[in-house]
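Trainee: I'm new to this structure. Could you take me through one part of it slowly, the place where the two chains meet?

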Amino acid sequence: MSDFVLGLRRLMHSVAAAAIAVAAGILCVHISGFPAAESANSLLVGAVGSTQAWGATLNEVVPLLLVGLAWIVAIRAARINVGFQGQMLAGAICATWTGTHLTGGSHVELVVAVIAAAAGGAFLAGIAAALAQWRGVPEIISTLLLSFIMVQAVAWLIRGPMMQPGQDLPQSSPVDAGAAWPTLLSGTPLHYDILLAVGLAVLVAWAFRSTRAGWRVRMTGDNPEAAQHAGIATARVGLAAMLVSGALSGVAGGSLVLSSLLGNLVDGVDGGFGLVGIAVALLAGNSALACIPAAVLLAGLDQGGALMESTSGVPPTLVGIVQGLVIIGVAVAAHLHTGVFTKTWTALRQSLPGTVRVRAPRGAAE
Amino acid sequence: MNVFDATWLATSVVACAPLLLAAAGELISERAGVLNLGLEAYILGGSFFAYWTEYASGSLWLGLLGGVAAGLLFAAVMGVASIQFGADQIVIGIGLVVLVTGITSYIFDVQFAGGATVSFDPMGKTRIPLLSDIPYVGAPFFDQNVLVYLSYAAVPIVAFMLYRTKWGLAVRASGEAPTAAEANGIKVRLVRWQALMAAGAAGGLAGGYLSVCQLGFFVHGMSSGRGYLVLAAIFFGRWRAKGALIGCVLFGATQSLQLRLQGFGAVPREVWLAVAMAIVGHLLYLVLARRVSWTATLVVEGVLGALAVLPVITTPSVTLPSELWLGLPYALSLIVLALSVGTARMPSGLTLSPRAH
């Protein structure tokens with residue numbers, strides 16, 4: 001099958017999974033006694049109904065897109081990084097620390113803060129990667145545990161060392177004006193970091209398609225044994241992929257501080273985007289460029305959910321149900337052609353008179 | 001006031017119970033080749049639906065049943081997706097965590113206006129006559145509710161089932177070599193379904209224990225990472241029942257220790273002593289059992305042991321803010337994993353679909 005047909009099939013899977021998930025969400029709204037049509041309308045209006053709504057949605061695209069890319073970079077090298085929450089928080093801490101300590105107001109500060117955020121995320125992912133490499137601790141477990149540690153670390157920092165002096169609230173001082181992302185669309189929460197996120201998506205796509213490093217990562221993920229025979233240092237490639245993955249989610253976490261309204265570190269600054277970003281990548285079929293529309297869709301859903309609460313009282317936690325269904329739906333859809341339904345259909349077809357029943361032994365493929 | 005008094009022992013036993021219950025089911029499932037990253041979801045779902053069922057029916061036992069049913073339901077989603085369709089187990093696990101967090105929070109928000117909580121009496125304690133009179137250990141261990149007693153037996157029962165029954169052999173074969181098991185007439189899919197249902201039921205029961213038995217109410221995200229701690233414990237125990245048991249007890253005891261240490265001004269001397277003893281004990285075990293496959297382990301642990309003995313002598317005044325104490329169980333499990341792994345061997349078929357040749 002050509003790449004085009006495969007891509008088309010993947011697109012259909014994603015669209016179908018998203019549609020089913022949204023429909024299930026609306027059904028939930030209906031069952032729990034809220035006006036379904038009105039809620040769906042306010043969901044749409046809240047997502048893309050006005051310039052303000054577009055700005056808010058696109059602002060949320062930034063962390064989702066970056067985390068989606070982070071998942072893709074790791075999974076292409078057959079590494080599983082599920083600790084985006086922790087890496088985002090590490091990035092947010094580093095961005096806040098640099099942003100509050102630099103003064104002067106020039107945009108060099110912003111560059112330094114974003115690089116610091118990337119370094120923070122990469123450092124945390126590096127711990128997990130190092131533990132996997134030298135001590136055999138699976139990254140699935142270590143990245144999750146590191147996230148829990150980081151949540152508590154942030155809680156401690158904003159009540160202790162990084163707490164805003166003279167204030168009684170658990171929050172850090174705001175970052176210097178020069179370290180904050182400038183607004184892109186005035187009157188909306190959209191900042192220039194969206195350009196960085198989209199640029200990184202293009203960069204990741206290009207790197208996988210046309211660079212030697214990207215090819216090495218793909219080889220390592222697709223067939224580690226063959227890659228090793230081809231002279232690729234698979235362990236080193238995997239480690240590098242984890243570091244890049246952590247850096248991307250670190251930038252996402254940094255953005256959440258540097259483009260926020262108050263520009264400071266607070267509890268839950270990661271906004272739960274760590275897991276939803278995985279949904280973005282899956283919805284995009286692990287393709288970097290497809291992450292852009294996927295992130296817009298899921299960000300719109302989140303923003304629309306917020307308006308839905310204020311107009312018809314539907315709890316925004318509903319969005320979590322839809323997001324979960326999207327993840328499960330896409331993952332299942334990718335296997336539909338090998339799943340039971342297709343098998344049953346094939347069996348039925350073969351049991352019809354006039355057809356020869358062929359069944360290879362199970363081990364035949366080996 | 002001693003840190004390691006009977007109160008600490010009692011809270012440790014209570015903290016270990018849900019971990020042990022969930023670990024018992026998850027152990028079966030992982031040995032059969034199904035990794036439940038969604039164990040967190042089964043526990044969370046179990047705790048909410050147990051609470052909701054008790055709210056609707058007024059019966060604690062029906063509530064527990066509701067929790068088990070929820071665990072089974074979410075495990076069934078996992079089964080359909082990963083066993084029937086062959087979808088990626090880890091991805092489905094992540095999806096389940098997001099989905100169940102959404103479902104429980106949504107219904108909780110709609111039904112209870114997100115926090116206007118009705119709380120119930122937790123499960124009453126059943127005192128075991130003679131045993132509970134033993135000094136120090138008696139009351140903490142033998143004056144608890146029925147589910148805590150069940151948690152003592154859960155992992156040993158699973159160990160018996162895994163290693164001493166025909167079904168256990170089928171389970172282990174399905175996880176170790178699914179293709180060979182299938183060739184020998186074991187229905188791998190069926191066995192995996194059974195094992196997965198055990199994990200779902202156990203996770204749901206552990207969740208129900210948290211909400212209706214231990215506390216009598218529900219809060220958003222009640223499971224708070226216990227599912228992941230259980231996965232870490234099983235990994236630490238190298239997929240063996242005894243190891244998983246030790247892992248759960250270690251993490252449960254740390255959880256109750258950090259709760260207690262939050263109330264202390266500085267870290268008391270007993271804690272340093274315990275840490276030093278644990279490291280030296282483990283070191284001795286490594287040497288005596290000749291389990292040293294990695295000489296660097298010896299060096300690292302020797303240095304750590306020496307470092308841990310130091311504060312026992314000098315008794316420095318170390319104080320930590322409560323937030324960092326809350327992170328301690330996770331940090332400890334990470335450190336323990338890093339020190340212990342080395343020769344871990346997971347079931348070869350873990351996370352692989354039975355048809356993946």
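**Where chain B meets chain A**

Mentor: Let's begin with what is missing: the rule finds zero salt bridges across the interface of chain B and chain A. Keep in mind that this is a predicted model. What the rule does find there is three residue pairs in polar contact, both residues at pLDDT 80 or more. Now for the area: the two chains bury about 4300 Å² between them, and 80% of that is on carbon and sulfur atoms. On the chain B side, B:Phe85, B:Tyr106 and B:Leu334 lose the most area to chain A, together 18% of what that side buries.

As for who takes part, the contact draws 54 residues from chain B and 51 residues from chain A. Several helices of chain B each supply at least two residues to its side, among them helix 3 (60-84), helix 8 (178-183) and helix 14 (322-340). Helix 4 of chain B gives the most, with 15 residues. Sort that side by class and you get 34 nonpolar, 14 polar and six charged residues.

Helix 4 of chain B also leads us over to chain A. The buried residues of helix 1 of chain A pack against helix 4 of chain B, together with helix 2 (36-48), helix 11 (273-283), helix 12 (291-312) and helix 13 (318-333) of chain A. Those buried residues are A:His13, A:Ser14, A:Ala17, A:Ala18, A:Ala21, A:Gly25 and A:Val29. Why the spacing? Residues three or four places apart point the same way, because an α-helix has 3.6 residues a turn. Just after helix 1 of chain A, A:Gly33 takes a positive phi of about 90°.

Definitions and conventions. Residues are numbered from 1 along each chain as its sequence is written. Chains are lettered from A and ligands numbered from 1 in the order in which they are written. This is a predicted model: local features need pLDDT of at least 70, side-chain atom pairs count only at pLDDT 80 or more; totals for chains, interfaces and linings use all residues. Side-chain values use heavy atoms; hydrogens and water are left out. Contact means heavy atoms within 4.5 Å. Buried area is the accessible area (1.4 Å probe) that two parts lose on being put together, summed over both. A salt bridge is a side-chain nitrogen of Lys or Arg within 4 Å of a carboxyl oxygen of Asp or Glu. A polar contact is a pair of N or O atoms within 3.5 Å; within protein, one must be able to donate a hydrogen and the other to accept it, and residues adjacent in sequence count only if both atoms are side-chain atoms. Helices (H or I, at least four residues) and strands (E, at least two) are DSSP runs, numbered from the N terminus. Ala, Val, Leu, Ile, Met, Phe, Trp, Tyr, Cys and Pro count as nonpolar, Asp, Glu, Lys and Arg as charged, and the others, Gly among them, as polar. Buried means under 20% relative accessible area, exposed over 50%, partly exposed in between (1.4 Å probe, protein chains only).
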